[in-house]
Amino acid sequence: MIRILHTKDQQVRVTWALPRHEPPGPVSVVGDFNDWTPGTTALRARSNGSRTASVVVARGTTLCFRYLGPNGHWFDDEDAADRDDQGCRITV
């Protein structure tokens with residue numbers, strides 16, 4: 001799930017959420033907003049049974065991203081507005 005919250009000063013908080021144990025193991029969101037660096041935006045467990053990670057970007061930004069799970073397993077978000085062989089793309 002991808003949540004988009006408009007904040008002050010033309011900023012947008014983008015939050016990615018996955019079930020805590022699906023897929024099992026650590027997962028991070030990797031994309032152009034963090035120079036495609038694994039582990040920089042790791043999903044953290046929450047008390048509601050999910051795990052989430054958030055970034056704040058300027059309104060109107062297009063984000064390209066994928067999830068990276070254990071053992072180098074890359075996967076996409078079904079909620080992304082656009083997907084191609086390079087990953088997911090959303091404009092906030």
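## Starting from a tryptophan

Is tryptophan 16 buried or exposed? Tryptophan 16 is buried, with a relative accessible area of 0%. Bear in mind that what you have here is a predicted model.

Tryptophan 16 is a handy place to start, and we'll get back to its ring partners after a quick look at the whole chain.

## The chain as a whole

The protein chain has zero helices and nine strands. Walk along the sequence and the pattern reads β-β-β-β-β-β-β-β-β. The radius of gyration is 13 Å, close to the 12 Å from the globule rule for 92 residues, so the chain is as compact as a globular protein of that length. If you want the box, the C-alpha trace spans about 35 × 35 × 20 Å along its principal axes.

How do the contacts spread along the sequence? Take the ones between residues at least 6 apart: 61% of them join residues at least 24 apart. On the burial side, 38% of the 92 residues count as buried.

## Surface and charge

The accessible surface adds up to about 5500 Å², and 48% of that belongs to carbon and sulfur atoms. As for charges, there are 11 positive and 11 negative side chains. The centres of those two sets sit 10 Å apart.

## The aromatic cluster

Now back to the rings. A pair of aromatic rings is described by two things, the distance of the centres and the angle of the planes. The count for this model comes to four aromatic pairs. In one of them, tryptophan 16 and phenylalanine 33 have ring centres 5.2 Å apart and planes at 20°, and since planes under 30 degrees apart count as stacked, this pair is stacked. Tryptophan 16 belongs to strand S2 (residues 11-19), while phenylalanine 33 is in the loop between strand S3 (28-31) and strand S4 (44-45), so the pair ties together parts that are 17 residues apart in sequence.

The two partners have their own accessibility classes: tryptophan 16 is buried at 0% relative accessible area, and phenylalanine 33 is partly exposed at 22%. Which residues make up the cluster around them? Trp16, Phe33, Phe65, Tyr67 and Phe75 form one aromatic cluster.

## Backbone oddities

Most residues other than glycine have a negative phi, and most peptide bonds are trans. With that in mind, here are some spots to check in the backbone. The peptide bond from glutamate 22 to proline 23 is cis, with omega near -5°. Proline 23 is in the loop between S2 and S3.

Then there are the positive phi values. Tryptophan 36 has phi near 55°, positive in a residue other than glycine. You'll find tryptophan 36 in the loop between S3 and S4, where it counts as partly exposed at 37% relative accessibility. Asparagine 71 also isn't a glycine, yet its phi is positive at about 60°. Asparagine 71 sits in the loop between strand S6 (62-68) and strand S7 (74-75), and with a relative accessible area of 82% it is exposed.

## Who touches whom

What does threonine 62 contact, once its neighbours within four places in sequence are left aside? Asp32, Arg89, Ile90 and Thr91. Threonine 62 lies in strand S6 and is partly exposed at 35% relative accessibility. Its C-alpha is 11 Å from that of alanine 80, which is 18 residues away along the chain.

Glycine 60 is in the loop between strand S5 (50-58) and S6. Not counting residues up to four places away in sequence, glycine 60 touches Thr91 and Val92. Proline 23, met above at the cis bond, is 37 residues from glycine 60 in sequence and 30 Å from it in space, C-alpha to C-alpha.

Alanine 42 is placed in the loop between S3 and S4. Apart from neighbours within four places in sequence, alanine 42 is in contact with Val27, Ser28, Thr52 and Ala53. The C-alpha atoms of alanine 42 and glycine 69 are 9.9 Å apart, with their positions 27 residues apart along the chain.

Conventions. Residues numbered from 1 in each chain as written. Predicted model: local features only at pLDDT ≥ 70, side-chain atom pairs only at ≥ 80, totals over all residues. Heavy atoms only, no water. Phe/Tyr/Trp six-rings, centres within 6.5 Å; stacked < 30°, edge-to-face > 60°. Helix = DSSP H or I, 4+ residues; strand = E, 2+ residues; numbered from the N terminus. Buried < 20%, exposed > 50% of the residue type's maximum accessible area, 1.4 Å probe, protein only. Rg over C-alpha atoms; globule rule 2.2 N^0.38 Å. Contact = heavy atoms within 4.5 Å. Areas by Shrake-Rupley, 256 points an atom, 1.4 Å probe, with all protein chains shown as cover. Lys, Arg positive; Asp, Glu negative; His and termini not counted. Charge placed at Lys NZ, Arg CZ, Asp CG, Glu CD.
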